[in-house]
Amino acid sequence: MIRDIFLKKKNKRTMTIPSVDAKNDVPEGIMSKCPECKHILLTRDLMKTLKVCPKCDHHLKMTAMERVELLFDADSFESIDNQLKTKNPLNFPAYTEKIEADSGKTGLNEAVLTGTGKINGQLVAVAIMDAHFRMGSMGSVVGEKMTRAVEKATTLGIPMIIFSASGGARMQEGVLSLMQMAKVCVALNRHAEKGYLYISIMTYPTTGGVSASFASVGDINLAEPKALIGFAGRRVIEQTVREKLPENFQTAEFLLDHGQLDAVIHRSDMKDTLCKIVCLHAKEVN
């Protein structure tokens, strides 16, 4: 099972003697810096807080497997479609090599991990995007995996949950990447026509074509605190409209105030929140 493989790798890394920087004699990976407030703390202490900065409450990026460990009951998660591999349809220079490098670094076959699992005993299907793999960009395999996960949820009659973390469509695949927006949304629409629940959770960052498609069409749209959510970048918008945008523009809190989100949920409360939502809709999805 993928969870067992992950734990073995994690234990193996723990036993490995860390490399030492000759300049300052600090083992690599021992310390972490918050990208928001620049607070420096031990990485092991950061993991205890679910990768949330204890000083400013900034939610650092999580890997897909870290979210699996956080959300799902022990030994309940089963991944699907790990055999799918990305091609290079446009013969983009060095694209294949970059995909292979990110696959080796993350242990994933692509920028999304899909499967089924139980949250406090409730079976759900999930797609978790990982920003550590090509910035979570959406290519043809990402779209295919997500579509298959939604179709599996529809077949089983269970809720679908998507964690978005993406820089948008992947330019190396051109229109093949862009068409994934429509493909995933069509699958979600068929899921909705059966009366089944779809929960969208937006994390830092959720941008580009992902924010403009499946991330924003949930029956319930949630986000983590201060998550960056938007289509175009701030500078592009400001240059286009020739106006200065609010400081909190494109944050989860700004979107909540303007009606695009249903709630902003702290990472420590995410599992309980999802469980309550799924339980409330249990009669509709079973």
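Let's start at Arg 67, which counts as buried because its relative accessibility is 5%, below the 20% limit for that label. This is a predicted model, and Arg 67 makes a handy entrance to it. The side chain of Arg 67 has a partner in Glu 224: the two form a salt bridge in which the closest N and O atoms are 3.1 Å apart. Arg 67 sits in helix 3 (residues 64-71), while Glu 224 lies in the loop between strand 8 (220-223) and strand 9 (229-230), so the pair ties together parts that are 157 residues apart in sequence. Glu 224 is buried too, with a relative accessible area of 2%.

Stay with Glu 224 for a moment, as Arg 67 is joined there by another arginine. The side chain of Arg 267 also meets Glu 224 in a salt bridge, at 2.9 Å from N to O. Here again distant parts of the chain are linked: Arg 267 belongs to the loop between strand 10 (263-264) and helix 10 (270-280), and 43 residues separate it from Glu 224 in the loop between strand 8 and strand 9. Arg 267 and Glu 224 are both buried. As a general point, side chains of opposite charge can pair when their charged atoms come close.

How many salt bridges does the structure hold? The total is 13. One of them joins Lys 183 to Glu 144, with 2.8 Å between the closest N and O atoms. Lys 183 lies in helix 6 and Glu 144 in helix 5 (residues 140-156), so this pair ties together parts 39 residues apart in sequence. Are these two residues buried or partly exposed? Lys 183 is partly exposed, with a relative accessible area of 24%, and Glu 144 is likewise partly exposed, at 25% relative accessibility. Both residues belong to a network of salt bridges that links Asp 81, Glu 144, Arg 148 and Lys 183.

Helix 6 has another feature worth a look. Met 179 is found in this helix, which covers residues 174-193. With 44% relative accessibility, Met 179 counts as partly exposed. Together with Val 175, Leu 176 and Leu 178, Met 179 forms a nonpolar patch on the surface, and the four have about 360 Å² of accessible area together.

Now let's turn to the nonpolar interior. The largest nonpolar core has 62 residues, and those with the most contacts inside it are Met 146, Met 160, Ile 161, Phe 163, Ile 199, Phe 214 and Leu 274. Which strand gives the most to this core? That is strand 5 (residues 122-129), with six residues. Ile 161 offers a good view of the packing: leaving aside residues up to four places away in sequence, it touches Ile 119, Val 124, Ala 125, Val 126, Ala 127, Ile 199, Ile 201 and Leu 274. There is also a second, separate core of five residues, which includes Cys 34, Leu 41, Cys 53 and Leu 60.

Finally, step back to the whole protein chain. It has eleven helices and ten strands, and 47% of its 286 residues count as buried. Among contacts between residues at least 6 apart in sequence, 68% join residues at least 24 apart. The chain exposes about 14600 Å², of which carbon and sulfur atoms supply 55%.

Key
Residues numbered from 1 in each chain as written. Predicted model: local features only at pLDDT ≥ 70, side-chain atom pairs only at ≥ 80, totals over all residues. Heavy atoms only, no water. Patch = residues over 30% accessible without salt bridge, like charges linked within 9 Å, V, L, I, M, F, W, Y side chains within 5 Å. Areas by Shrake-Rupley, 256 points an atom, 1.4 Å probe, with all protein chains shown as cover. Helix = DSSP H or I, 4+ residues; strand = E, 2+ residues; numbered from the N terminus. Buried < 20%, exposed > 50% of the residue type's maximum accessible area, 1.4 Å probe, protein only. Core = buried A, V, L, I, M, F, W, Y, C linked by side-chain atoms within 4.5 Å. Contact = heavy atoms within 4.5 Å.
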